[in-house]
Amino acid sequence: MTELASIVAAHGPLEVFALPFMWRALGTVVILAIAAGVVGLFISFRELEFVSDGLVHAVFPGLVIGAAIGGSGGVLPGAVLAAIVAAVLFTVLEHRGGVGADAAIAVVLTGLFSLGIVLVSRQEGYVSQLQELLFGRLLTVTEAQLWQILVVAIAAIAVVGVTWRAQLFRAFDAAGAEAAGFKPLAADLALGIAVALLVVAGVQALGVLMVLALLTVPMAAARLLSPRFALLIPIAILLPLVAGISGLWLSFEWSVGAGATVSPGAIVVLLLVACYGIAALARVLTRREVRA
């Protein structure tokens, strides 16, 4: 701890982020920011924030079962399986089951999340495990986990990239997309799977409760800051990068310098929310100036 404190006192952020656990945390934030910026575009335009929330919670039992069966190495496969199953269930129930989207999400969300709570409560030391799964462990991301996050995030971006035209058409003109030959169910399944993969990519580092902010807040703020479509993804990537770097630095400085135990993931999310608040305020002030 003394050595780390001397690094903070004598050097700047570059030296701090050269520490292995800090650069892995930073790398995680960079990967998730880029992936969330791309996938978050269609989450926002399709108004799928509640779906994203459902997927975040539905992945919980997969995390628990994967950890119980395969330890830390089983977390990712379990999460991927649970997320994809939930995404397919949400989409199929909405299209074929005669059930409203919100009702379908609520049924699957509550059922799977409750199952996860029951499963984790049967394990020894479940309180600490539950806390880790809910709030993440950004500073303890291993190199192997970082590579896993990268692979899953690339897969999410690839799914959106392959179906880009269908997703754009579906987001702006659903009836026109179907008339043009695009299959709504296929497009919705692809987007649901991409969101599910992104949830899995972020859940190990940020936890099931904080990954939702990364999926929704940056693009919401970007839409407030710029009316230009071409700028939305760059802004939505830049905001979590700034929040991530600042949040990691602040949490490190407070933990080492002030001896305060703080969650870096929580700080990053709070900074993201602050960015959204600033964007909303700027939007209001700009409208008042235009009216005046």
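1. Let me start with helix H6, residues 75–96, which is where Leu81 sits. This is a predicted model, so read everything below in that light. Leu81 counts as exposed because its relative accessibility is 58%, and the cut-off for that label is over 50%. Leu81 also has company: together with Val85 and Leu89 it makes up a nonpolar surface patch, and the three share about 260 Å² of accessible area. Worth a look when you have the surface view up.

2. On to helix H12, which runs over residues 184–206. It has 23 residues, and the distance from first to last C-alpha is 32 Å, close to the expected 33 Å at 1.5 Å a residue. H12 is largely enclosed by the rest of the structure, because 19 of its 23 residues are buried. Right after H12 comes Gly207, with a positive phi of about 85°.

3. Now the charged residues. In general, side chains of opposite charge can pair when their charged atoms come close. Here the count of salt bridges is two. One of them joins Asp188 to Arg46, with 2.9 Å between the closest N and O atoms. This pair ties together distant parts of the chain, 142 residues apart: Asp188 belongs to helix H12, while Arg46 is in the loop between helix H3 (20–45) and helix H4 (49–58).

4. Asp188 has another partner, Arg170, again through a salt bridge, at 2.9 Å from N to O. That pair also links distant parts of the chain, with Asp188 in H12 and Arg170 in helix H10 (residues 164–172), 18 residues apart. Put together, Arg46, Arg170 and Asp188 form a salt-bridge network.

5. So is this network buried or exposed at Asp188 and Arg46? Asp188 has a relative accessible area of 7%, so it is buried. Arg46 is at 18% and therefore counts as buried too, given that the cut-off is under 20%. Arg170 is buried as well.

6. Last, a look at the loop between helix H13 (211–225) and helix H14 (229–257), where you'll find Ser226. Ser226 is buried because its relative accessible area is 8%. What does its side chain reach? The Ser226 side chain comes to 3.2 Å from the backbone nitrogen of Arg228. Leaving aside residues up to four places away in sequence, Ser226 touches Leu231, Leu232 and Ile235.

Methods:
Residues numbered from 1 in each chain as written. Predicted model: local features only at pLDDT ≥ 70, side-chain atom pairs only at ≥ 80, totals over all residues. Heavy atoms only, no water. Helix = DSSP H or I, 4+ residues; strand = E, 2+ residues; numbered from the N terminus. Expected span 1.5 Å × (residues − 1). Buried < 20%, exposed > 50% of the residue type's maximum accessible area, 1.4 Å probe, protein only. Patch = residues over 30% accessible without salt bridge, like charges linked within 9 Å, V, L, I, M, F, W, Y side chains within 5 Å. Areas by Shrake-Rupley, 256 points an atom, 1.4 Å probe, with all protein chains shown as cover. Salt bridge = Lys/Arg side-chain N within 4 Å of Asp/Glu carboxyl O. Polar contact = N/O pair within 3.5 Å; in protein donor to acceptor, adjacent residues only side chain to side chain. Contact = heavy atoms within 4.5 Å.
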